[in-house]
Structures are given as C-alpha cells and as structure tokens.
Protein chains: 2
Amino acid sequence: MGGDFGSYSAQLRKGVIQMLVLQVLSTEPLYGYAIVKRLEELGEFVAGEGTVYPVLRRLEVDGLLVSEWQQPADGNARKYYSVTVAGAAFLARSLEEWKRIDSAVRSLEGE
Amino acid sequence: MGGDFGSYSAQLRKGVIQMLVLQVLSTEPLYGYAIVKRLEELGEFVAGEGTVYPVLRRLEVDGLLVSEWQQPADGNARKYYSVTVAGAAFLARSLEEWKRIDSAVRSLEGE
DNA sequence: CTAGGTACCTCGTATTGTATAGTACCCTAC
DNA sequence: GTAGGGTACTATACAATACGAGGTACCTAG
C-alpha cells in the first residue's frame, strides 16, 4: 500500500454498497444500469457496473430483492429490482449497525 | 446468509477497525491488549484479539505505526504502538472518506 | 456503416475480519 | 507448590467483497 489510498477506500466501502443499493431501491424499483448512474450522481461515491451487478445478484439470491424483466418499446430489455419485506428489514438493521459504528468513530474524534 | 447478520456486519466493519485503531493511538501510545480492551468499551463495537493484532501488524508494515517493546517491573512485555506522520495523514484521509460515505448513506434516508 | 450510448453479465485478484489455537508470563488462593 | 485466571503476543486458515477488465447485444445519429 503506502500511498495507495484506493485499495483502502475499497475496504471502507465493504458492505456499504449493498446498503446503498437497498436504499435506492426502497424509493422505487429500478434496473441495474440506472442504479449505477444513480450512485454516480450521489456525491463522489462511485460504484461501477462490475460492483453493482454482482451485488444485485447476491441480494436476490438472499431473498432481499426480486427482479422482473421488462421490454421497452425501443431499447434494451431492463431488469427491474424491487425490495422484499426481508430486504426492508435487512436495510433497517444495516442502518442501525451503520449508525452504531459511526457513533464509535465520531466519539473518538478530537479526543 | 439469510438471517445471518453477523457475516454482513463483519463486512460493514472492513477498514473501519484500522481507522479506529489509528484514532485510539493518536491520543496516546498503547499496546495491543490495551487497544482490544479499549475497543470493547467503545459501545458495542467489539474487535477481538484475532482482529486487532493482524491489523496492528499490517499498519506497521505499511509504515503507519511504529512499535517499541517495553518491559514493566512486573508482568509481561508490552509492545507499544505509536502513530507515524504518515499514519496521521492516513487517518485524516480515512475520516474524510468516512464522512463522505456517511453523507451518501444519510442523504438517501427517508427519501 | 461506424461511433457511442444503453444494458446486461462474468472472471480473477487483492484485501480484510474473525475464529481458533498456541506460547508464555505473572499472581493469588488453596 | 500447583492449579487457575488474567495478561500479552503470534500464527494459520477461511469466507466475503470491491473492482477492473473483458465480453455480448441492441439502438440511434451522423
């Protein structure tokens, strides 16, 4: 490592991407490509396709998301994802855990 | 996974432990065992010896910490760790990154 | 017909958290 | 004097994830 902050930043994001994807989808169902674009707009928080698509698959396998193919009049077929009841519960627990960790981090600041 | 929140929680902590260790040490030099105890008191944020010692080693290899053996009058030898200049800079960048991610997480909440 | 945007998927690699087990020292109590 | 518990560090093996890079296919604009 040394000056390579990028690889550390990746570690800091572990698990967060899943939470963000669930959060984005809890507002409205979206398809993978749109989620990637959405996350890109979300501050400097970037998560490419190579990150998002595997996450979507895992979340679906775990029963936290369900997917549905839709064919628009023109353009490529889109796979829309929606949050399940289990997914919503999981998101709530994740946010609690996140805040707990955050309070631990901030409690040490400027000590 | 499924109901196994523990393994997810572990992912959410990736990278955070390093940041917390650096934060704790930026106040005063401490030895490994004391750091473990300190983190245990820090809310419900638990990181056992099996987690902390490898982290200390990695941080030292990366030049973010330096260690020094000290032999107390009674008891076991203790390895004290201090934050280097590079470590302090690294900690600062980590905190920035942490806050950036946190703002992304919170900005989506209750949308 | 070529370029570029849309939309999806997969593979390989590197990094890290954690349990488990092992070593060794000291002190107290019985 | 010895059994137990607390202190203190180390090594090994495993599972999970982020990300880049590469691949397929469709549509529109010039």
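Around DNA strand D in this predicted model sit 25 residues, and the ones that come nearest are Lys14(A), Tyr33(B), Asn76(B), Arg78(B) and Lys79(B). By type, the residues of this surface split into eight nonpolar, nine polar and eight charged. On the DNA side, sugar or phosphate accounts for 72% of the strand D atoms within 4 Å of the protein, with bases making up the rest.

Chain B reaches phosphate oxygens of strand D through several side chains. Tyr53(B) puts a side-chain N or O atom 2.7 Å from one, Arg57(B) does so at 2.8 Å, and a polar side-chain atom of Tyr31(B) lies 3.0 Å from a phosphate oxygen. As for which elements give two or more residues to the surface near strand D, chain A brings α2 (16-27) and α4 (49-61), while chain B brings α3 (32-41), α4 (49-61) and β3 (78-83). The largest share goes to α4(A), with four residues.

Then there is the protein-protein side of things. Chains A and B touch through 39 residues of each, burying about 4,200 Å² between them, 63% of it from carbon and sulfur atoms. Six salt bridges turn up across this interface; one of them pairs Asp102(A) with Arg106(B), whose closest N and O atoms are 3.0 Å apart. Polar contacts link twelve residue pairs between the two chains, counting pairs with both residues at pLDDT 80 or more. On chain B, the elements giving two or more residues to the side that touches chain A are α1 (5-12), α2 (16-27) and α5 (85-107), and α5(B) has the largest share with 14 residues. That side of chain B is made up of 17 nonpolar, nine polar and 13 charged residues.

Note on methods:
Residues numbered from 1 in each chain as written. Chains lettered and ligands numbered in written order. Predicted model: local features only at pLDDT ≥ 70, side-chain atom pairs only at ≥ 80, totals over all residues. Heavy atoms only, no water. Near = heavy atom within 4 Å. Polar contact = N/O pair within 3.5 Å; in protein donor to acceptor, adjacent residues only side chain to side chain. Nonpolar A, V, L, I, M, F, W, Y, C, P; charged D, E, K, R; others polar. Contact = heavy atoms within 4.5 Å. Buried area = accessible area lost by both parts, 1.4 Å probe. Salt bridge = Lys/Arg side-chain N within 4 Å of Asp/Glu carboxyl O.
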